[in-house]
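User: Could you take a close look at one part of this protein for me, the open sheet and whatever packs on it? Once that part is clear, please show me how the rest of the chain is laid out around it.

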Amino acid sequence: MSKKTKAASAQSRGETLHAGNGGEIHQTAGGDVPVMTTQGGMPVSDDQNSLKAGARGPTLLEDQHFREKIFHFDHERIPERVVHARGYGAHGVFETYETLADITKADLFQRAGEKTEMFVRFSTVAGNKGSGDLARDVRGFATRFYTKEGNWDLVGNNIPVFFIQDAIKFPDLIHAAKAEPDRGFPQAQTAHDNFWDFISLTPEAMNMALWIMSDRTIPRSFRFMEGFGVHTFRMINAEGKSTFVKFHWKPKQGLQSVVWNEALKLNGADPDFHRRDLWDAIKAGDYPEWELGLQLFDEKFAEEFEFDVLDATKIIPEEQVPIRIVGKMTLDRCVENFFQETEQVAFQTGNVVPGIDFSNDPLLQGRNFSYLDTQLKRLGGPNFTHIPVNAPRCPVHSFQQDGHMSMRNPRGRANYEPNSWGGEKGGPREAPEAGFSSYPEEISGQKARVRSETFADHYSQARQFYLSQTETEQTHIGNAFVFELSKVETMAIRSNVVAHLRNVDEDLAKTVADGLRLQEMPAAAKAARPTIMDLAKSDKLSIILNGPDSFKGRKIGILVSDGVDTALLDGLKAAIAAEGAMMEIVAPMVGGVTTSDGGFVEAKQKIDGGPSMLYDAVAVLVSKDGATLLSKEATAKDFVTDAFAHCKFIAYSPEAMTLFEKAGIKDDLDEGCISMSSAKEAKAFIAQCRKLRHWPRETMVDVV
Ligand code: HDE
């Protein structure tokens, strides 16, 4: 069939042709290069000059290509998300480990080995789209399963609790957290008066306040953080039996965070640190994986548990309801176009599938309204589900039609029901058995604006969280409160926060009060419920106790100079490769350095573009002359002092001592600093790195 006839017959079937988008290309610009066209498909002859009346004359209105190009550019932006504006997405696949038919009729959980396509978007919450990745902030962990029964969106965070108990407070929370409205700053941070004012007047936020002041809000990478569905949901099996469930994503890579000073510097060194990390890992074939875990419990447990399972400011400790691992998500494909996929993906908590249902958590109920509503604003019309990243992978039939950008109107004559056209002509019909039906929960009560009494304990789990941390992590929490409150200008707000901390843990309150030099310890905040002092500790709440057992997927920065010992470098490279870790060469000049045996090594980073914050551990393999040269270079001195201050493991050639001396760390070197005089020592160095950080050093470098 000629191209012309093919096009005509496709058009007669009512299909859209996308010339240049993988469809018919009626001309080429030479070889395989497609010819540039207008949106209308007209080939463009000149994209450098607008159409003018004379070489120096005015531009003509009839220049359709020029006007269309500028018009399209003018309309490139869509509103950014009101929260979670900055994010990064990837495609993946979910594999079901075992059938869950006894618990849920959801199709994706029926068969072991079943694979379901996924899309995931990680994000920060408060910052604008262009803010830095290392903001101290909750991370969004939004996951979509394209199941055979429609999209299931599990839109979670990397923290299992939330600030508020009722969705009606969400606009207040977000207004308080984002830039202050009169001045338009600070960007992407909670270290300001409005945020802490709101928190200090919202005791229900206290558990979350502890979580956000922990290292959970400064993850090393999206790959090394947990995800949580937060709310209690229901699973319903084929017999209609309901089981409550909380969802967890456990990274196979283990947990890891950075330290605060490192985060501050990383935002400058590489504001895209997290998105680049995900992109690099997937492109390198080191696909990140998370296992899906369920905490399943019944009405009886819900009634006996110390807290209300509908209260999203509370967790259920894993020790009380163990997690059942039921499948694995692997992220194995980067997006092809950021805007089309990551920006236009429209998650909705309301997207569930038969066998999964909501609970009455007032936060979840509010979200179900918000997510549908917000997409209309952002994507401009009701047909955002037609965009490929949002379109279900299963057939879609309904009588919904028209609207902006419609791509999927009902076919045929019938666009209403009931109708008497019958059979296929009559269009889709309901499926009372297989279709989604809500769990028929008995509901009674007075219509009122109320908060359940069972939501009233605001401090016990905050205390449990704090006491479950290692000493290092407790120190970080104390430091984070001091940092944030030091940026708060109003004394009374600082003091009010400390008043709440007294109900959490007196030692923490004192640490923070001392760190702020409060002149007077405030009285403890009035509590609706006394703090339960002896909730059992939960090791699962610590990051350090849940780290990896290998250095796989982590990155070493190797600072080299001319004359670098080839054997040392090769030995280290081999040990890194054997561990499945990554490395980058950092050199005085990006072109590279000559090696001791007369060879040449290319660098990935010039020293001022490759500060040690970018790496999980560093090696300084320099020659005698190289060390002398670099000891006059401020960025090289920063490289080693920052690595040291951030408690990183450091390997070094003996010659590096000159640089260490000039940088002022020579006399402080400890067991986390490993001298490498032969290639054999590389393995021992990598083995050390598995601990990720040499935490005992912290008490030496962080004393104020
Ligand atoms: Fe969201 N949230 N949220 N949220 N949220 C949005 O929806 C909202 C909450 C979460 O990568 C918005 O599409 C309300 C909890 C993630 O595209 C908006 C309440 C949790 C994302 C919205 C909450 C989340 C959002 C803005 C209080 C963890 C990013 C853009 C009741 C369980 C999704 C959008 C993505 C995004 C509303 C609370 C997670 C406005 C009203 C709790 C991961 O609809």
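**The open sheet and its helix**

Analyst: Helix α19, residues 681-689, lies across β16, β17 (650-652) and β18, and runs at about 175° to β18. Happy to build the picture from there, with the reminder that this is a predicted model.

The strands under that helix belong to an open sheet of six, in the order β15-β12-β11-β16-β17-β18, with parallel pairing. At the edges stand β15 (605-606) and β18 (673-675); each has a single partner strand, so one side of each is left without a neighbour in the sheet. Inside the order, β11 (residues 555-560) and β16 (residues 617-621) run parallel and are joined by five bridges. If you would like a pair of residues to find this spot by, I558 stands opposite A619 in β16. So that you can place α19 against the sheet order: β16, β17 and β18, the strands it lies across, follow one another at the β18 end of the sheet.

Just ahead of β11 in the chain there is a backbone detail to check. The loop between α14 (506-516) and β11 holds R517, which has a positive phi of about 55° although it is not a glycine. Most residues other than glycine have a negative phi, and most peptide bonds are trans. R517 is exposed, with 8 other C-beta atoms within 10 Å. A second case is D402, with phi near 60°, in the loop between α10 and α11. D402 is exposed too, with 10 other C-beta atoms within 10 Å. That loop between α10 (362-379) and α11 (460-467) is also the place of P418, and a cis peptide bond with omega of about 10° joins E417 and P418.

Another cis bond leads us to a helix pair. The peptide bond from F185 to P186 is cis, with omega near 5°, and P186 is found in the loop between α3 (170-177) and α4. Helix α4 (residues 193-200) then meets helix α13 (residues 491-504): their axes come within 9 Å and cross at roughly 40°, and the crossing is left-handed. On the α4 side the contact is made by D193, W196, D197, I199 and S200, which meet I493, N496, V497 and H500 in α13. By type, the residues of this contact divide into four nonpolar, three polar and two charged.

Strands pair in the other sense elsewhere in the chain. Strand β1 (residues 87-96) runs antiparallel to β2, with nine bridges joining them, and β2 also pairs with β3 (residues 139-147) in the antiparallel sense, over eight bridges. F122 is a handy guide here: Y88 stands opposite F122 in β2, and the bridge partner of F122 in β3 is F141. Strand β2 (residues 115-124) is mostly covered, with eight of its ten residues buried.

Stepping back, the protein chain has 20 helices and 18 strands. Its radius of gyration is 29 Å, close to the 27 Å that the globule rule gives for 704 residues, so the chain is as compact as a globular protein of that length. The C-alpha trace spans about 90 × 75 × 55 Å along its principal axes. Of the 704 residues, 42% count as buried. Among contacts between residues at least 6 apart in sequence, 72% join residues at least 24 apart.

Note on methods: Residues are numbered from 1 along each chain as its sequence is written. This is a predicted model: local features need pLDDT of at least 70, side-chain atom pairs count only at pLDDT 80 or more; totals for chains, interfaces and linings use all residues. Helices (H or I, at least four residues) and strands (E, at least two) are DSSP runs, numbered from the N terminus. The radius of gyration is taken over C-alpha atoms; the globule rule is 2.2 Å times the number of residues to the power 0.38. A residue is buried if 20 or more other C-beta atoms lie within 10 Å of its own, exposed if 12 or fewer, and partly exposed in between; C-beta atoms are placed from the backbone. Two residues are in contact if their C-beta atoms, placed from the backbone, lie within 7 Å. Two strands pair if DSSP finds at least two bridges between them. Axes are lines fitted to C-alpha atoms, for helices over the stretch in contact, and angles run from 0 to 180 degrees between N-to-C directions. A crossing is left-handed if the near helix is turned anticlockwise from the far one by less than a right angle, and right-handed if clockwise. Ala, Val, Leu, Ile, Met, Phe, Trp, Tyr, Cys and Pro count as nonpolar, Asp, Glu, Lys and Arg as charged, and the others, Gly among them, as polar.
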